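Hi,

Here is the structure I said I would pass on. Have a look at it first, and my notes follow below.

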Amino acid sequence: MTAALGRRVAVRVPATSANLGPGFDTLGLALSVYDELEVEALEAGRLEIEVAGEGTADVPRDASHLVVRAIAHTYAAVGREMPGLRLSATNVIPHGRGMGSSGAAVVAGILATKGLLADEVELTDTDLLRLATEMEGHPDNVAPGLFGGLTIAWMDAAGPQHKQLIVHRGVSPLVLVPSFTMSTAVARSLQPLQVPREDAVFNVSRSALLIAAMTQSPELLMAATEDKLHQNYRAQAMPETDRLVRALRAEGYAAVVSGAGPSVLVLADGPGQRLAAADLTASLVDTPWEALMLAVDVKGGTVRTAEGSA
């Protein structure tokens, strides 16, 4: 069985920032920048793709499109035949900037399938996270994209798991987005397979502290965002990002690399500090960095039946 022909669903997925400094491959935060798409079930074999916004010139219009691949993966996982598709995407999350654009595409495809098969198959939160992790490789970006807020993600014998936490209202995220991009694969390749024991202990302490800072005590964010596991190793691939992070931290702002970079995430402890960090950035850099003053998204990805759906 396939989804009813003509059924249309609308999906909205937030950007994410992973790692948050010390929480490598574990912590992620959902942010109020969104990709939106509408998917309609067509006769088998048809595929129509429209893309507006980010990546318009580069995103494929065939079965290799990441959303289409995620839909195909989910249909196969639940043992259903995939219909033809009409996909209309409006992309706002910057591509290749460390804001979870690929994870958002994966989440969008899985949620779209959930909506298309709503009358036939029940996909639980556990199913959604497992399917997304199978495609993305690790759950730290897809967990906040699916569920919103601050998430802790981990793997155990049963598969990927997550815990969603409510962020303290004083935490004010600022993302500084450059014009250049960074490959996640390249960034990950720069890290060693082993690290000194003292560095591992350092990051364990900071990750624990970061949970307290993000949920209860924003005044601790500066100390809580220190890291020795990944940012220094990746600095050679994005020197401008590294310089900006160091300059902001020297002035007391809790700046970290957003995901694999090259964007910079500042976790300010209030709107005033966030504005000051944005103003300081403008005076520190020679090339343009877009300052996105964002909220923490608390809903995660959503799917609903589109108007006029059969």
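Before the charges, one convention: Lys and Arg count as positive and Asp and Glu as negative, while His and the chain ends are left out. On that basis the protein chain carries 24 positive and 35 negative charges, and their mean positions are 2 Å apart. Do keep in mind that this is a predicted model.

Now the overall picture. I get 10 helices and 11 strands in the protein chain. The radius of gyration is 20 Å and the globule rule gives 19 Å for 310 residues, so the chain is as compact as a globular protein of that length. If you want dimensions, the C-alpha trace spans about 60 × 45 × 35 Å along its principal axes. Buried residues account for 53% of the 310. As for the outside, the chain exposes about 13400 Å², with carbon and sulfur atoms supplying 52% of that. Looking at contacts with a separation of 6 or more, 74% come from residues 24 or more positions apart.

On to the interior. The largest nonpolar core has 64 residues, and Leu29, Val39, Met99 and Met214 are the ones that touch the most other members. Which helix gives the most to this core? That is helix H2, residues 101-116, with nine residues. There is also a second, separate core of 16 residues, which includes Leu174, Leu176, Met182 and Val245.

Met214 is a good one to click on. Setting aside residues up to four places away in sequence, Met214 touches Leu29, Leu150, Ile166, Val167, His168, Val171, Leu221 and Leu267. Leu29 in that list is another of the residues that touch the most other core members.

Next, have a look around Gly149. You will find this glycine in the loop between helix H4 (142-147) and strand E5 (150-156). Gly149 counts as buried because its relative accessibility is 4%, and the cut-off for that is under 20%. Beyond four places in sequence, Gly149 touches Gly28, Leu29, Ala30, Pro144, Gln164, Leu165, Val296, Asp297 and Val298. Leu267 is 118 residues away from Gly149 in sequence, and their C-alpha atoms are 14 Å apart in space.

Pro144, one of those partners of Gly149, lies in helix H4 itself. Its relative accessible area is 0%, so Pro144 is buried. Again leaving aside neighbours within four places, Pro144 is in contact with Pro14, Thr16, Gly28, Leu29, Ala30, Pro139, Gly149, Thr151 and Gly300. Pro144 and Ser17 are 127 residues apart in sequence, yet the C-alpha to C-alpha distance is 8.6 Å.

On the strand side of that loop, Ala153 lies in strand E5. With 3% relative accessibility, Ala153 is buried too. Its contacts outside the four-place window are Asp25, Thr26, Pro139, Asp140, Ala143, Gln161 and His162. Ala153 and Asn141 are 12 residues apart along the chain, and their C-alpha atoms are separated by 8.9 Å.

Last, some backbone details. Most residues other than glycine have a negative phi, and most peptide bonds are trans. Here are the places I noted against that background:

- Asn19 has a positive phi, near 80 degrees. Asn19 sits in the loop between strand E1 (8-18) and strand E2 (27-42), and counts as buried at 3% relative accessibility.
- Leu20 has a positive phi as well, near 55 degrees. Leu20 is in the loop between E1 and E2, and is buried at 0% relative accessibility.
- Gly261 and Pro262 are joined by a cis peptide bond, with omega about 5 degrees. Pro262 is in the loop between strand E8 (255-257) and strand E9 (264-268).

If you open just a few spots, I would go for Met214 and its core contacts, then Gly149 with Pro144 among its partners, and then the cis bond between Gly261 and Pro262.

Cheers

How values were computed
Residues are numbered from 1 along each chain as its sequence is written. This is a predicted model: local features need pLDDT of at least 70, side-chain atom pairs count only at pLDDT 80 or more; totals for chains, interfaces and linings use all residues. Side-chain values use heavy atoms; hydrogens and water are left out. Helices (H or I, at least four residues) and strands (E, at least two) are DSSP runs, numbered from the N terminus. The radius of gyration is taken over C-alpha atoms; the globule rule is 2.2 Å times the number of residues to the power 0.38. Buried means under 20% relative accessible area, exposed over 50%, partly exposed in between (1.4 Å probe, protein chains only). Contact means heavy atoms within 4.5 Å. Accessible areas come from the Shrake-Rupley method with a 1.4 Å probe; for residues, only the protein chains shown count as cover. The place of a charge is taken as NZ of Lys, CZ of Arg, CG of Asp or CD of Glu. A nonpolar core is a set of buried Ala, Val, Leu, Ile, Met, Phe, Trp, Tyr and Cys residues joined through side-chain atoms within 4.5 Å.
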